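Grab a pencil and open the viewer. Below are a few exercises on one model, each with a solution worked in steps.

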Amino acid sequence: MTAVGTDGGLYVDRAIFYPQGGGQPGDRGSIEWGTGFRTNIKNSVYNTDRSSIILVPEADQELPQLGQTIIQRLDWARRHALMRMHTAMHLLSVVLPYPVTGGQVGAEEGRLDFDLPEGETVDKTSATDALNALIRADHAVTTEWITDAELAKNPALVKTMKVKPPTGAGRVRLVRIGTDIDLQPCGGTHVKSTGEIGEMQIAKIENKGRINRRVRLRFSPTANNA
């Protein structure tokens, strides 16, 4: 451990925890240190300039000393659920090819908000069937990189209207599903192939304005242990 922030966050030189951002929650888990000491981690965030990942401990726990070697243990079941949900949400944006106005990844439920043309509706059953067909096809999920300049020349890659991918570092990561199913900027965590997601269901479609529709996505009961 390299430092303790004024807010009690633990700075580490390397982290296996994914930090909160881009609609995906930060990882949870624990760290072990010394002779049997354990500290539970309730969240992971970036520091102000995004140069370090801070592990946020639960309250009233003993903390390691500066320079102490720690063992990081990720809550893998929760992380894997977030990965599955995140990839499913990318597929949902394929099934519903409308501009995305917002979204949130969750371990039990995710949501995407879509800017639908006035008068257009979404059929929950047919959209669920189309989503699960893409999942069962077991398309590979891969990543690649393009430069900031290349992204600027291809604005259609960005599906989100309000949140733009971070630029300024010289390159942006893209997540590709299949050969030509989906390609969009994303810094989040994903599964290796769509078959790993398991069956999904569109739980609810809500009207959030004249043209805004919120689509809530959940794992089907048979997919909870995928």
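**Exercise 1: the six-stranded sheet**

Strand 3 (residues 29-33) and strand 6 pair antiparallel over 5 bridges; starting from that pair, work out which sheet they belong to and which strands stand at its edges.

Before the solution, some ground rules: this is a predicted model, with residues numbered from 1 along each chain as its sequence is written. Local features need pLDDT of at least 70, side-chain atom pairs count only at pLDDT 80 or more, totals for chains, interfaces and linings use all residues, and side-chain values use heavy atoms, leaving out hydrogens and water.

Step 1. Settle the terms: strands (E, at least two residues) and helices (H or I, at least four) are DSSP runs numbered from the N terminus, and two strands pair if DSSP finds at least two bridges between them.

Step 2. Find a matched pair: W33 has I70 of strand 6 as its bridge partner.

Step 3. Go to the other side of strand 3, where 5 bridges pair it, again antiparallel, with strand 4 (residues 37-46). Here G29 sits opposite I41. The hairpin of these two strands has 3 residues between them, and G34 takes a positive phi near 60°.

Step 4. Carry on to strand 5 (residues 53-57), joined to strand 4 by 5 bridges in an antiparallel run. I41 turns up again, this time with P57 as its bridge partner. This hairpin has 6 residues between its strands, and R50 in the turn has a positive phi of about 60°.

Step 5. Put it together: the open sheet of 6 strands has the order 1-2-5-4-3-6, with antiparallel pairing. Strand 1 (3-4) and strand 6 (70-74) are the edge strands, each pairing on one side only.

**Exercise 2: the three-stranded sheet**

Which strands stand at the edges of the open sheet with the order 9-10-11, and what lies across it?

Step 1. The pairing in this sheet of 3 strands is antiparallel. Strand 9 (141-147) and strand 11 (182-185) each have a single partner strand, so one side of each is left without a neighbour in the sheet. From one strand to the next, the twist averages 25°.

Step 2. Strand 9 and strand 10 (residues 171-177) share 7 bridges, and T147 stands opposite R171.

Step 3. Helix 1 lies across strands 9, 10 and 11, at about 115° to strand 11 (axes are lines fitted to C-alpha atoms, for helices over the stretch in contact, with angles from 0 to 180 degrees between N-to-C directions; contact means heavy atoms within 4.5 Å).

**Exercise 3: helix 1 and the cores**

Is helix 1 largely enclosed or not, and how many residues does it give to the largest nonpolar core?

Step 1. Count buried residues (under 20% relative accessible area, 1.4 Å probe, protein chains only): 17 of the 20 in helix 1 qualify, so the rest of the structure largely encloses it.

Step 2. Look at the largest nonpolar core (buried Ala, Val, Leu, Ile, Met, Phe, Trp, Tyr and Cys joined through side-chain atoms within 4.5 Å). This core has 33 residues, and L92, L96, F114, M200 and L217 have the most contacts inside it. Helix 1 gives the most, with 9 residues.

Step 3. Zoom in on L217: beyond its neighbours within four places in sequence, its contacts include M85, A88, M89 and L92. A second, separate core of 10 residues includes L10, F17, I41 and I70.

Notes
Buried < 20%, exposed > 50% of the residue type's maximum accessible area, 1.4 Å probe, protein only.
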